[in-house]
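Open the model in your viewer and keep the sequence panel beside it. The tour below goes from one selection to the next.

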Amino acid sequence: MEDMAYCGYFCSGCPVYQADLCGDMAEKERLARQYSTSDRPLTAADMYCRGCGREEGELPAFCRECFIRSCAQKRRLPHCGACVEFPCVYWRTHIPADSPSRILLEQYRAGQ
């Protein structure tokens with residue numbers, strides 16, 4: 001099975017993961033512009049990822065600070081769908097019900 005992030009997103013579908021894997025600097029620059037905010041300006045160098053299950057030092061800053069990742073790691077879960085509290089308050093508040101990741105994890109919970 002391909003790598004799945006704690007949030008249920010498949011790494012193969014992540015544009016940052018793909019751009020990094022392929023070494024596509026033009027795409028990394030485009031993604032940096034797209035994901036930058038006034039509080040967090042990003043550069044192409046920030047657009048690297050080999051999956052959120054990596055060690056802290058191997059993750060971009062926006063992944064190290066991810067609430068979902070942190071919560072799943074603290075609970076030693078492979079992803080949020082394995083949590084008895086899913087969908088928790090965070091998911092219900094921040095992740096739309098029609099999000100493909102949420103749907104996938106809800107299907108996982110229903111099948112357990």
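Helices here are DSSP runs of H or I with at least four residues, numbered from the N terminus. This is a predicted model, so keep that in mind at each stop.

**Stop 1: Ala-19**

Select Ala-19, which sits in helix 1. Is Ala-19 buried or exposed? Its relative accessibility is 4%, and because buried means under 20%, Ala-19 counts as buried. Now show its surroundings. With neighbours within four places in sequence set aside, Ala-19 is in contact with Asp-24, Glu-27, Lys-28 and Leu-31. Add Tyr-48 to the selection: 29 residues separate Ala-19 and Tyr-48 in sequence, and their C-alpha atoms are 7.8 Å apart.

**Stop 2: the largest pocket**

Next, select Cys-7, Cys-14, Phe-62, Cys-63 and Cys-66. The largest pocket has a volume of about 750 Å³. Its lining is made of 26 residues, and the five just selected are the closest to its centre. Colour by element of secondary structure to see where the lining comes from: helix 1 (15-22), helix 3 (61-64), helix 4 and helix 5 each give two or more residues. By residue type, the lining of the largest pocket has 22 nonpolar residues, three polar and one charged.

**Stop 3: the second largest pocket**

Move to Cys-71, Cys-80, Cys-83, Cys-88 and Trp-91. The second largest pocket holds about 150 Å³ of space. Of its 14 lining residues, those five are the closest to the centre. Which helices supply at least two residues each to this lining? Helix 4 and helix 5 do. The largest share is that of helix 4, with four residues. Sorted by type, the lining of the second largest pocket has eleven nonpolar residues, one polar and two charged.

**Stop 4: His-79**

Finish at His-79, in the loop that runs between helix 4 (67-74) and helix 5 (89-94). Relative accessibility for His-79 is 7%, so this residue too counts as buried. Draw a distance from its side chain to the backbone nitrogen of Gly-81; the viewer should give 3.1 Å. Then show the residues around it. Apart from neighbours within four places in sequence, His-79 is in contact with Met-4, Ala-5, Tyr-6, Leu-105 and Tyr-108.

Key. Residues are numbered from 1 along each chain as its sequence is written. This is a predicted model: local features need pLDDT of at least 70, side-chain atom pairs count only at pLDDT 80 or more; totals for chains, interfaces and linings use all residues. Side-chain values use heavy atoms; hydrogens and water are left out. Buried means under 20% relative accessible area, exposed over 50%, partly exposed in between (1.4 Å probe, protein chains only). A polar contact is a pair of N or O atoms within 3.5 Å; within protein, one must be able to donate a hydrogen and the other to accept it, and residues adjacent in sequence count only if both atoms are side-chain atoms. Contact means heavy atoms within 4.5 Å. On a 1 Å grid over the protein atoms alone, a cavity is a set of points where a 1.4 Å probe fits but cannot get out, and a pocket is an open set with protein on both sides within 12 Å along at least five of seven lines; lining residues have an atom within 4 Å of a point. Grid points are joined across faces, edges and corners, and a volume is the space filled by probe spheres set on the points. Ala, Val, Leu, Ile, Met, Phe, Trp, Tyr, Cys and Pro count as nonpolar, Asp, Glu, Lys and Arg as charged, and the others, Gly among them, as polar.
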